[in-house]
Amino acid sequence: MAGFFTSRLFFVSLALVIVAATLPLYVSGYVLGLLTVAFYFGVFAMAWDLLFGFAGEVNFGPTFLIGVGAYTAGILNAQFGWSVYLCIVLGALASVVAGLVLALPALRVRGPYFGLTTLVAVLMLQNFVVVFADLTGGEIGLTIPDVITINAGANYWIALGFMTISAAILYGLSQSPVGLVLQASGQDPVQAGALGFNIVKHKLAAFIVSAFFSGLSGALLVFYFGTASVGTVVDVAVGVNVIVSAVLGGRRTVLGAALGAIFLIVAGEFLRPTGELATFIVSAVALLVVLFFPGGFLGAALSREARS
């Protein structure tokens with residue numbers, strides 16, 4: 001990890017953050033709003049990459065953790081009038097509890113069954129939102145009376161700071177001894193177990209960390225939108241975007257997942273005038289990256305640097 005601070009990746013990342021921090025000084029509120037959403041999705045993707053890229057567990061339902069955090073925070077604010085910051089913290093903690101409840105049985109199955117378990121959890125959460133419409137707002141969505149701030153620049157800086165801190169923590173964790181154990185257990189759980197590592201315990205820890213950052217980001221996002229709905233934080237399509245973002249950026253890179261999310265959100269928005277063709281173009285690019293650059297954007301760049 002110490003070598004990271006003298007690597008080209010560190011200086012490039014630092015330069016990008018510095019440049020990004022100056023954007024509110026000379027770009028429009030529309031661009032800032034777009035990037036604000038992209039930064040929160042970047043955290044979603046990084047949290048997912050920790051579980052899949054390192055622990056080797058394919059989570060098809062990242063929006064279960066995101067949705068629990070988002071709806072918990074939104075409901076507490078809308079129904080009980082609790083402060084925004086308390087609701088955000090409680091939303092993140094609710095995601096951790098939900099993640100723990102889901103992970104305990106899910107991690108005892110292997111292969112596609114883990115992914116199917118997480119996908120079913122998303123469908124159950126969707127049904128919960130619809131059935132308990134008086135509490136959640138149902139299909140219309142939950143209107144949240146409070147927001148963090150209405151200033152576009154402030155919202156942007158909060159999202160950028162949150163993504164930067166999350167990236168530092170998640171990347172540091174991935175390069176720590178715990179991250180190495182996760183990577184070993186993801187590649188060969190039998191051999192890792194034979195070496196004396198508690199595979200289930202380490203994967204459970206990764207799931208909880210992923211749940212915390214997913215829920216925290218989801219809670220922050222709804223207080224930026226001012227509303228929570230199935231289509232914005234729970235829908236399977238949102239989860240697909242998170243997964244594609246991580247794959248585009250590069251598996252096992254963590255930082256690449258954030259780049260993938262920013263690319264996906266920005267490209268989708270700027271291609272919106274093309275209508276349905278936008279989805280086709282973005283999907284085609286994602287497919288080409290998976291086929292020809294399986295390491296993703298950052299993975300390909302790091303491999304090229306290592307060879308040189």
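Start with the whole chain in view: 48% of the 308 residues of the protein count as buried. The model is a predicted one. Colour by secondary structure, and 15 helices and two strands appear. The radius of gyration is 19 Å, close to the 19 Å from the globule rule for 308 residues, so the protein is as compact as a globular protein of that length. Its C-alpha trace spans about 50 × 45 × 40 Å along the principal axes. Switch on the surface: the protein exposes about 14400 Å², of which carbon and sulfur atoms supply 72%. Among contacts with a separation of 6 or more, 78% are between residues 24 or more positions apart.

**Helix H7**

Select residues 152-174, which make up helix H7. With 23 residues at 1.5 Å a residue, H7 should span 33 Å; the end C-alpha atoms lie 32 Å apart, which agrees. Now zoom to the start of H7, where a side-chain oxygen of Asn-151 comes to within 3.0 Å of the backbone nitrogen of Gly-153. Gly-153 is also one of the buried residues of H7. Others to pick out along the helix include Tyr-156, Phe-162, Met-163, Leu-170 and Tyr-171. The buried set also has polar side chains, among them Asn-155, Ser-166 and Ser-174.

**Aromatic pairs**

Next, show the aromatic side chains; the structure holds eight aromatic pairs. Select Phe-41 and Phe-44, whose rings are 5.2 Å apart centre to centre with 70 degrees between the planes, an edge-to-face pair. Both residues belong to helix H2 (residues 29-54) and sit three residues apart, about one turn of the helix. Are these two rings buried or exposed? Phe-41 counts as buried because its relative accessibility is 9%, and Phe-44 counts as buried at 2%.

Move to Tyr-224 and Phe-225, where the ring centres are 5.8 Å apart and the planes meet at 40 degrees, so this pair is tilted. Tyr-224 counts as partly exposed, with 22% relative accessibility; the cut-off for buried is under 20%. Phe-225 is partly exposed too, at 35%.

**Thr-136**

Finish at Thr-136, in helix H6 (residues 133-136). Its relative accessible area is 1%, so Thr-136 is buried. What does the side chain of Thr-136 reach? The partner is the backbone nitrogen of Gly-138, at 3.3 Å. To see the surroundings, display Tyr-71, Ile-75, Phe-128, Val-129, Gly-141 and Leu-142, which are the contacts of Thr-136 once neighbours within four places in sequence are left aside.

Note on methods. Residues are numbered from 1 along each chain as its sequence is written. This is a predicted model: local features need pLDDT of at least 70, side-chain atom pairs count only at pLDDT 80 or more; totals for chains, interfaces and linings use all residues. Side-chain values use heavy atoms; hydrogens and water are left out. Helices (H or I, at least four residues) and strands (E, at least two) are DSSP runs, numbered from the N terminus. The expected span of a helix is 1.5 Å times one less than its number of residues. Buried means under 20% relative accessible area, exposed over 50%, partly exposed in between (1.4 Å probe, protein chains only). A polar contact is a pair of N or O atoms within 3.5 Å; within protein, one must be able to donate a hydrogen and the other to accept it, and residues adjacent in sequence count only if both atoms are side-chain atoms. Rings of Phe, Tyr and Trp (its six-membered ring) pair if their centres lie within 6.5 Å; planes under 30 degrees apart count as stacked, over 60 as edge-to-face and the rest as tilted. Contact means heavy atoms within 4.5 Å. The radius of gyration is taken over C-alpha atoms; the globule rule is 2.2 Å times the number of residues to the power 0.38. Accessible areas come from the Shrake-Rupley method with a 1.4 Å probe; for residues, only the protein chains shown count as cover.
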